[in-house]
Each structure stands twice: as structure tokens, then as C-alpha cells.
Amino acid sequence: MNSSCYTCRRRHVECQMVRPPCKKCEKAGLECLLKRPLRWVEGATFRGTATNSPIESAFQVRPSTPRHVGSKSPDKSLHETDLVDYSSEITTSKGISWHVGIYEGFLRTPFNLDDPTLKGLDEGSRYYLNYYSRCVCKLFVMFDSQHNPLRQLIPAAIAHPVLLTSVVALAARHRANATQTFEQIQAADHPRVSKPCYDAALYKYRAIKGLSQALNDGTGSSLDVVISSAFLLIFLDLFESGSDKWNVHVEGVKKLIAALQVPTMSRDLGTTMEGMRDFAMQQIYLIDTLGTTFTRPGLLVNPGSHQPSTSLQMSVDKAYLGCPEQFVGALRSFSAARDCLAKPGRLDRVDAYLLLQTMKDSLESTQSFNCHAWAAGLEPSRSSLIQPTQSIQMLKDLGQAYKSGTLIYGWRVCDVFTGDSTPLDDIVDELISTVAALRSNEALFKCILWPLFVAGLESRHPCQRQLVGDCLRRFWFETKCINVINAEKILQRFWAQPEQGPSLGPNWIFSMGHIEGDWLLI
């Protein structure tokens with residue numbers, strides 16, 4: 001049974017792991033684990049450790065004594081079993097040893113549903129807080145660690161109902177999605193009524209209602225709490241569709257950030273909220289910029305206008321997608337040019353020349369960008385969960401994926417302007433190869449839906465489209481975001497169209513925003 005997945009070996013069932021998930025796990029409705037997931041193991045202690053409040057201590061991710069294989073977390077499901085992978089060990093400079101297996105960064109929260117700090121919460125909220133910490137927080141940072149700003153938000157959620165409802169809605173929706181396969185979610189007639197589905201809808205309603213009351217009535221929630229709650233609803237839309245109200249939430253968060261002149265923070269939760277505010281301000285700029293690329297021109301108000309005062313590049317355990325900052329600036333210029341081209345009337349000669357020159361400058365700066373130097377210069381995770389040389393190569397591939405995707409997008413905008421159809425086969429081939437290389441890394445693979453979708457739009461050969469389709473299914477396996485299923489449906493529609501010359505042509509630059517919604521494909 002050497003080719004069997006870990007889940008089947010645990011169940012004493014033989015399977016053939018052709019692609020995840022295997023057929024046996026898919027049929028049984030279980031998460032198909034290739035190897036034992038990571039379990040943090042307690043190493044040497046050291047002096048000078050700061051004392052946390054009871055709530056922070058209960059939810060802080062930290063090394064803990066390994067439990068015996070087979071011990072269960074409260075909901076007893078197999079994929080939430082605490083296990084140890086002794087395949088490799090890394091010791092940090094502070095003397096803490098980590099056992100690192102295939103699921104690098106898969107962290108556990110050492111608390112149970114009966115923890116006294118959760119006494120004031122109902123059973124459902126306690127369950128979903130646990131689930132949020134273990135299964136959701138890791139999805140929206142490059143590498144998970146004890147510094148994950150989404151997990152550090154839990155104490156604030158316990159103290160603020162408006163934030164709690166957003167956290168619980170996010171967890172419940174992911175829990176509901178996790179019970180379905182890629183094909184089951186695609187099936188229109190598949191029954192979707194379940195307890196987690198009901199919980200997700202209920203808490204989403206409460207979250208939106210709470211936000212409305214906090215904004216209109218001044219219910220006592222600080223602006224930082226409201227921003228965090230609204231920001232989480234963007235991620236909720238990725239779990240639900242990727243084309244619902246994400247743009248409304250983005251615009252709302254942008255306005256709240258603009259109004260955040262003098263932040264008011266609780267003394268106990270000040271550090272937590274400050275970290276989350278920085279994370280939200282950094283990532284909303286990135287989401288705003290990437291979201292504009294696949295929407296109707298002019299949908300978002302001044303996309304990218306609320307640029308953070310500090311660099312976009314955070315440490316890898318506090319950043320979401322890892323797109324290099326220079327590419328974000330280039331995509332902003334390309335999207336702005338596309339919007340100008342979409343306006344009625346013709347540009348005068350001077351404006352047209354300046355616009356074309358700006359796009360060419362952005363293309364040249366993108367082409368000359370050194371992804372290896374960028375990866376080597378990133379602030380590493382303070383948890384040191386991965387080896388430096390391995391980390392740099394993986395991050396270089398991530399940067400290269402965004403570089404290729406940005407070049408393709410920029411050239412297609414230029415093609416609309418000039419009337420050409422630039423052959424981009426070499427860039428597409430490079431992007432496809434980079435995506436294939438990133439499939440072996442769960443942490444970074446979940447960051448590349450945007451360049452993966454661009455690759456799909458430009459793929460002509462059946463083998464390329466097959467690889468893109470397999471990657472989309474793998475992305476679902478890793479994230480349970482329904483926006484990736486909608487991405488696959490869009491690509492199938494594009495691939496069914498008659499071929500137009502050497503590629504699908506630049507038409508997708510404009511047509512993407514008119515296919516049953518405005519898409520956030522990240």
C-alpha cells in the first residue's frame with residue numbers, strides 16, 4: 001500500500017493515489033491526506049516569555065506536548081486528528097524544535113470547547129471558533145504561524161459580538177464546503193442543506209445586521225473591530241462564490257480605513273487590533289487591485305487609491321497572497337488603461353501616446369524584475385518553519401507566477417490599444433511550468449489562483465488545459481473556496497469558444513466582467 005494516501009492507511013484501506021483526493025476518500029467524504037499533518041512539539045523552554053491574558057493564552061498557537069496517534073479533537077472527524085510527523089525536524093534559534101511534514105504550517109490550537117474563557121459563548125460559537133483557528137486561519141496567510149493576525153483576532157472576537165458573528169460565519173461556511181467534493185459542488189441538483197450551511201447563513205445575517213447597527217447607531221464597537229468584521233466578509237464571499245458582494249465589502253472597508261484618523265482601541269486588545277488593522281490595510285489594497293482585473297471597467301471606485309503608507313511586503317506569516325509590490329503597481333496601471341479604453345469616445349493623440357508609454361514602461365519594469373532577489377529579501381517567518389534555501393526557491397516560483405501573469409495581462413491591454421494579438425506562447429509556457437512546480441507546496445499553492453486563471457485564459461493546447469483543470473481541483477482540495485469552481489466554469493466556457501488566431505485574443509480583458517458577475521479570483 002505504498003501508493004495509498006495517509007487517510008486510507010489509517011483506515012486500513014488500500015487506494016491508488018493518482019491525484020488528490022483519492023477515490024476512496026472522495027467516496028467516504030473524508031479529507032485525503034498525503035502524509036501525516038504537522039503537529040507542533042514542545043522543545044526547550046527559555047526565560048523572558050511574556051505573560052498573556054487568560055483569553056490570549058487559551059487561543060495562542062504554541063508548541064505543546066504531542067498526543068498519541070489516534071486522539072481526537074472535539075468533533076471527532078479524521079482530518080482533525082492530532083498527529084506527529086517525524087519525517088524532519090528543524091530547531092529554531094530559540095531552542096524550540098518543530099517536526100515538519102508535508103503540511104508545513106498546519107497549526108493546532110491547544111484548547112477545548114469546555115475552556116472557561118469561552119463560558120459566555122454558546123456551544124455552536126465555541127465549536128466554530130475552534131474550527132476557525134485550526135482550519136480557516138491558515139488559508140489567508142502564506143505560511144501559518146503563531147503570528148497569524150487572523151488567529152490573534154480570536155480574543156477580540158470573544159469580546160465583540162459584531163466580530164464574532166463574522167468569524168463564526170466564515171468558519172461555518174468553510175465547514176459546509178469541506179463536506180463536498182469538487183464535482184458535488186458543481187452539480188446544480190446536489191442538496192446543500194446542512195447544519196453548517198444553516199449556521200453560515202444565520203451568522204452571516206447577524207454579521208451584516210451587526211455591522212449596520214455599529215455604523216448607524218454607534219453600538220460601542222470600535223472602528224477597528226468594524227473594519228476587521230467587514231474585512232472577513234470578503235473572505236466569506238470567496239467561500240460562497242467569488243462574485244457576490246465582495247466589491248461592496250471592499251468599498252466599505254476602504255471608506256472605513258479612510259475614516260480611521262485616530263484609532264480607538266481597547267487597552268487589553270490594542271496590540272491584537274493594531275496587527276489586524278495593518279493586515280487589513282495592506283491586503284485590502286492588494287485585493288482591490290487584483291479584483292479590478294476581472295470586473296467591469298469602473299466597478300470599483302478609484303481602485304488602489306488607498307495605498308498603505310508602509311510597504312505592502314510583510315513577513316511571510318503575515319502576508320496573504322505574496323504578490324510582489326511592483327506587480328501590484330503595474331496591474332493598477334494596466335487596469336486604469338483598460339478602463340480608459342472602455343470609455344465612450346476616442347482618446348486624443350497626446351493622451352493616447354502617454355497611455356501607451358505608461359503601459360510600455362510598466363511592462364519593461366515587470367520584465368526586468370528579479371524574482372530571486374525579491375524572494376531572498378523577504379522578511380522570513382519568525383517561526384522558521386521552513387529551511388531558508390527551500391523557502392527562497394519556492395518564493396521565487398511564486399513571484400515568477402505573478403510576474404508571468406502580470407506580463408500576460410499587460411500585453412493583452414496593449415493589444416486592445418494597438419489592435420494587435422501579441423504571441424505570448426513562451427510566457428504562457430513559463431507560467432504553466434511555474435504553476436506545476438508550485439503544486440508540491442501546499443502553503444504557496446493556495447496563493448496562485450489569479451495567475452493560474454490567467455494561464456487558463458491563454459491556454460490553447462489540451463495538455464495545458466488539463467494541467468490547469470487539475471490545478472483548480474487541487475486548489476479546491478486545499479482551500480474549499482467556491483470561487484475556484486466558478487473559475488473552472490468560466491474557463492470551460494472560454495475553451496468552448498472558437499479559436500481566434502494564435503490565442504484566445506485580448507477580448508477576455510473586457511468580457512470577463514460581463515460573465516454572470518464581477519469576479520474575485522484570488
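**Exercise 1. Charges over rings**

Task: In this predicted model, determine which ring the charged end of Arg 474 sits over, and which residue lies over the face of Tyr 203.

Solution. Step one: the charged end of Arg 474 sits over the ring of Phe 445, at 5.9 Å from the ring centre. Step two: the cut-off for such a contact is a distance within 6 Å of the ring centre, and the value of 5.9 Å belongs to Arg 474 and Phe 445. Step three: Arg 206 lies over the face of Tyr 203, with 5.2 Å to the ring centre.

**Exercise 2. An aromatic pair and its cluster**

Task: Classify the arrangement of the rings of Phe 235 and Tyr 320, and state where in the chain the two residues are found.

Solution. Step one: a pair of aromatic rings is described by the distance of the centres and the angle of the planes. Step two: the structure holds 16 aromatic pairs. In the pair of Phe 235 and Tyr 320, the centres are 5.3 Å apart and the planes stand at 75°. Step three: planes over 60 degrees apart count as edge-to-face, so the pair of Phe 235 and Tyr 320 is edge-to-face. Step four: Phe 235 belongs to helix H9 (residues 223-240), while Tyr 320 is in the loop between helix H11 (270-292) and helix H12 (325-342); the pair, 85 residues apart, links distant parts of the chain. Step five: both Phe 235 and Tyr 320 are buried. Ring pairs join them with Phe 140, Phe 231, Phe 239 and Phe 279 in a cluster.

**Exercise 3. A residue in the loop between H11 and H12**

Task: Decide whether Ala 319 is buried or exposed.

Solution. Step one: Ala 319 lies in the loop between H11 and H12. Step two: its relative accessible area is 4%. Step three: buried means under 20%, so Ala 319 is buried. Step four: Ala 319 and Ala 280 are 39 residues apart in sequence, and their C-alpha atoms are 10.0 Å apart.

**Exercise 4. Two crossing helices**

Task: Describe how helix H4 (residues 123-136) and helix H6 (residues 161-178) cross.

Solution. Step one: the axes of H4 and H6 come within 8 Å and cross at roughly 70°. Step two: angles of 65 to 115 degrees count as roughly perpendicular, and H4 and H6 are therefore roughly perpendicular to each other. Step three: the crossing of H4 and H6 is left-handed.

Technical notes:
Residues are numbered from 1 along each chain as its sequence is written. This is a predicted model: local features need pLDDT of at least 70, side-chain atom pairs count only at pLDDT 80 or more; totals for chains, interfaces and linings use all residues. Side-chain values use heavy atoms; hydrogens and water are left out. Rings of Phe, Tyr and Trp (its six-membered ring) pair if their centres lie within 6.5 Å; planes under 30 degrees apart count as stacked, over 60 as edge-to-face and the rest as tilted. Helices (H or I, at least four residues) and strands (E, at least two) are DSSP runs, numbered from the N terminus. Buried means under 20% relative accessible area, exposed over 50%, partly exposed in between (1.4 Å probe, protein chains only). A charge sits over a ring if NZ of Lys or CZ of Arg is within 6 Å of the ring centre and within 35 degrees of the ring normal. Axes are lines fitted to C-alpha atoms, for helices over the stretch in contact, and angles run from 0 to 180 degrees between N-to-C directions. Angles under 35 degrees count as roughly parallel, over 145 as roughly antiparallel, 65 to 115 as roughly perpendicular and the rest as oblique. A crossing is left-handed if the near helix is turned anticlockwise from the far one by less than a right angle, and right-handed if clockwise.
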